[in-house]
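Here are a few exercises to try with the structure open. Have a go at each one before you read its solution.

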Amino acid sequence: MTESFAVECCGLRKSFGGVRAVNAVSFALARGQFMALLGPSGCGKTTVLRLIAGLERPDAGQVRINGGVVSDGAAIVPPHRRRVGMVFQSYALFPHMTVAQNVGYGLPGGDGRARRVAEMLELVDLCGLDERHPAELSGGQQQRVALARALAPQPDILLLDEPFSNLDVALRAQVREDVQRILKQAGVSAILVTHDQDEAMSLADCLGVMFDGAVVQTGTPRALYDDPATRRVAEFLGEANVLPGEARGDLAATALGDLPLRRPARGAVDVLIRAEQIALAGPGQGVPAAVTRVMYYGTHQHVWAALDGGAIVKARCAPDAPWRAGERVALRISGPVAAFPAGES
Amino acid sequence: MTRSSLFETRRVLLLVCLPLTGLLLLPTAYLMARAGEVGLTEAADYLTRSGTLRIMGRSALLVAATAGASVLIGVPAAWLTVRTDLRGRRWWTILLAVPLVIPSYVGAFALVGALGPRGMLQGALEPLGVERLPSIYGFWGAWLAITLFSYPYVFLSARAGLMQIDPALEEASATLGRSGLATFRHVTLPQLAPSILAGALLVALYTLSDFGAVSIMQYNVFTRAIYLRLSLNLDLAALLSLVLVAFTVALLAVSARAERRTYPATGRTHRAPRRVALGRWQWAAVAFCAAVVALALVAPLGVMAYWLVNGVQHGETLRDVFAPLQRSLRAAAVAAGVSGLLALPFVFLQVRYPGGLSRLIARAAYVGYALPGVVVALSLVFLGARSLNVLNDLLGLDGYRSFALLIAAYVVRFLAQAIGPARTALLQVNPHLEESGLLLGRGRARVFATVTLPLMRSGVAAGVALVFLTVMKELPVTLLLAPSGYDTLATRIWSASSEAFYARAAAPALVLVALSALSLMYVLEPDD
């Protein structure tokens, strides 16, 4: 059974000078899958990656790669015997080596090496840049060299530590698409660490959300977005309005009316309504409200509306309707909503 | 207003800097002219004479030997203190760097005071009937005296290099399947090479320009040969100086080439590297550090203390130190103050108005710094003897040896030291801060005084302290240009140890080392 997992982490713990960075982290990644570890900075996600790579010794817990134990408490297989590829946040390209030397660094010498380097450069679309040095490349190109270098020795698992954080926002979308294509083409199991929920959700097959050194929920991006385990997960994954409500089984009474719940609940709850679940219409067709503020993005617009009870909600709507501040509107909610016991963070 | 005031400031700076640059370059130009007076055939004949070739050979040998030995001491010491769990590594770091405050001629004095004729060892062995010891003079003495007190250049530079290497590079190498040793060879060492080379270059330049140690050790390299020829043939001394300058330029060119071959890193993670556990090698590592510190710090200080006590017992009075100390302090303070002041226009021109002309002026300020002290002193002796005689007579000064000329020589030699830290400081002052000041209605001068200067103050102060420290320790310029009777700590140590009056050299040597240590602490403080 264990054979089908590329990576398994069981009860990993790691402290640095008394500060607990990773606290009882357990998860498993099926072979060929692409997982994203998502969390705010300082949540310990990079440490988890370094524990898997063998760059840190766990205080307790186990890491298994392809079923073989590589870390068991302080006993570890050193990183150079793990067949783990890693793309560092700073890329860590060897500045004194050419692109080709960087990519070939992890390969055994011999005839195969040059062929494999050429193959990898073609995969990452960098043919013809073999003799350049890293400093002579753009950020996106450096990133692809780092990817090619990590993939060249055909690692059992590829780890990516915030690989897009050093790129311009304009470049990021393109590089993201490239990386997804390259990883699928290489068919490698991979773990991506990021604090950017867009990045994590769009790239990964499965998601692990980390807070304060612990993985709080794992699942597909769609499952986590629609059915978050806690309010904190919900708010971390996307724009959300939280309104107090009274749950009565399948419905919760809120300032936006009676809303259908995803899971039955009872008592005082915080109801979470995604911004895109709120639609605006002319007065009279729903809950009355007044527009207070509009931000227009071209692809969509954000509209803030004050309910007559005083609460302000944020809606994400199509860009075509020209809403103006002060205008009277009506709000309608589509789809079921999530509810959490009141006061829980 | 018709023109931007930007240009006005630049013009004022140029008006100040250009004449100063001329003054900075004058000695070198004069030296070349003077050497040119030696006929071409005569020059060729002199330069290929076996005596001259031997001087060149000895200089090259000494440079290679001191630089090599410094790398062998400095690099392992740097690695032990930065990358291992060496016990007491913070203390070792300080102790291994401290020998830098001992000028090589003081070190040479300590060596001959211990091992030379009438030295400690011979004194101890005399009752046993030992009349003569193997001579400490010559190559081995000079090599030891320079290596022991200049290896910290390599140590500090290699440390900085090791701390700068992105630990992710070594981790990347590990994830790509390379063991620790292979990673060190293929990743760490190539990254570290420029730092090692830079440190070794400093040692090489120091060796080439060192005058005190080689003359106390009577090892006839360029600087000593030039000094000895001064009274015989000034033109030949100038010619020899030019050859020494050529050696210096060649060294700088080689290092510049090596530097061109390095490639900048593309990114950096801010994570401390993991330390290697020494395990059973712990004691070997401690022994290595202890041996270096014993030889380069404890032994010299011990020898000086011995001769101090010995001298006091035989009637030397400590009062004799006060006059030279005062002269040293005065010369160093004036030179440091003048350098600090003159550095400001250079730094501003270079940082705020970059361009071809600024770059040339900046380079000119470094010419005097790159030249060996003997050469600068020699050229000013020429200048002083010829052109300033008239002036000095008018002012009633003492020939070419006037205090003003001494200060001028120090400034030519060490202005670059004041410019360096001040430049770094100004580079860190965002021009937007000055622009905000201007937009808030303050004038340029007021913005400079209230915004720029306070922000770069520590850099200027560090530069001034550095010049002060260096001038205190400077020997050849002082020896050749100080007015007669103006003997300083440095010249006192030199003359006393040259004549084997070790007891007389001990007090000034200890005072000098103590003062150097104090000002070095001040220089290093802004970084911490």
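**Exercise 1. Work out how many residues of chain A and of chain B are in contact, and how much area is buried between the two chains.**

Step 1: count the contacts, meaning heavy atoms within 4.5 Å. 27 residues of chain A are in contact with 27 residues of chain B.

Step 2: get the area. The size of an interface is often given as the accessible area lost when the parts come together. Buried area here is the accessible area (1.4 Å probe) that two parts lose on being put together, summed over both. Between chain A and chain B that comes to about 2,400 Å², with carbon and sulfur atoms giving 62% of it.

Step 3: find the big contributors. A:His80, A:Pro95 and A:Tyr105 supply 27% of the area that chain A buries against chain B, more than any other three residues.

**Exercise 2. Say how far the model can be trusted, overall and in chain B.**

Step 1: set the ground rules. This is a predicted model, in which local features need pLDDT of at least 70, side-chain atom pairs count only at pLDDT 80 or more, and totals for chains, interfaces and linings use all residues. Residues are numbered from 1 along each chain as its sequence is written, chains are lettered from A and ligands numbered from 1 in the order in which they are written, and side-chain values use heavy atoms, with hydrogens and water left out.

Step 2: read the scores. The model has ipTM 0.80 and pTM 0.80. For chain B the mean pLDDT (the predictor's confidence in each residue, from 0 to 100) is 85, and 92% of its residues reach 70 or more.

Step 3: look for extremes. Within chain B, confidence bottoms out in helix α17 (residues 388-395), at a mean of 54, and is highest in α3(B), at 94. Helices (H or I, at least four residues) and strands (E, at least two) are DSSP runs, numbered from the N terminus.

**Exercise 3. Trace the open sheet that contains β2 and β1 of chain A, and find its edges.**

Step 1: order the strands. Two strands pair if DSSP finds at least two bridges between them. The five strands run β2-β1-β4-β5-β6 (chain A), with antiparallel pairing.

Step 2: pick the edges. β2 (19-30) and β6 (75-76) of chain A each have a single partner strand, so one side of each is left without a neighbour in the sheet.

Step 3: check one pairing. Eight bridges join β1 (residues 5-16) of chain A to β2(A), and A:Cys9 has A:Phe27 as its bridge partner in β2(A).

Step 4: add the helix. Helix α1 (residues 45-53) of chain A packs on this sheet, touching β1, β2, β4 (60-65) and β5 (68-72) of chain A, and its direction makes about 65 degrees with that of β2(A). Axes are lines fitted to C-alpha atoms, for helices over the stretch in contact, and angles run from 0 to 180 degrees between N-to-C directions.

**Exercise 4. Follow β13(A) to its partners β12(A) and β19(A).**

Step 1: start with β12 (residues 240-254) of chain A, which 14 bridges join to the antiparallel β13 (residues 257-274) of chain A. A hairpin links β12(A) to β13(A) through two residues, and A:Asn241 stands opposite A:Ile273 in β13(A).

Step 2: move on to β19 (residues 338-341) of chain A, antiparallel to β13(A) and joined to it by four bridges. Here A:Asp270 has A:Phe340 as its bridge partner in β19(A).
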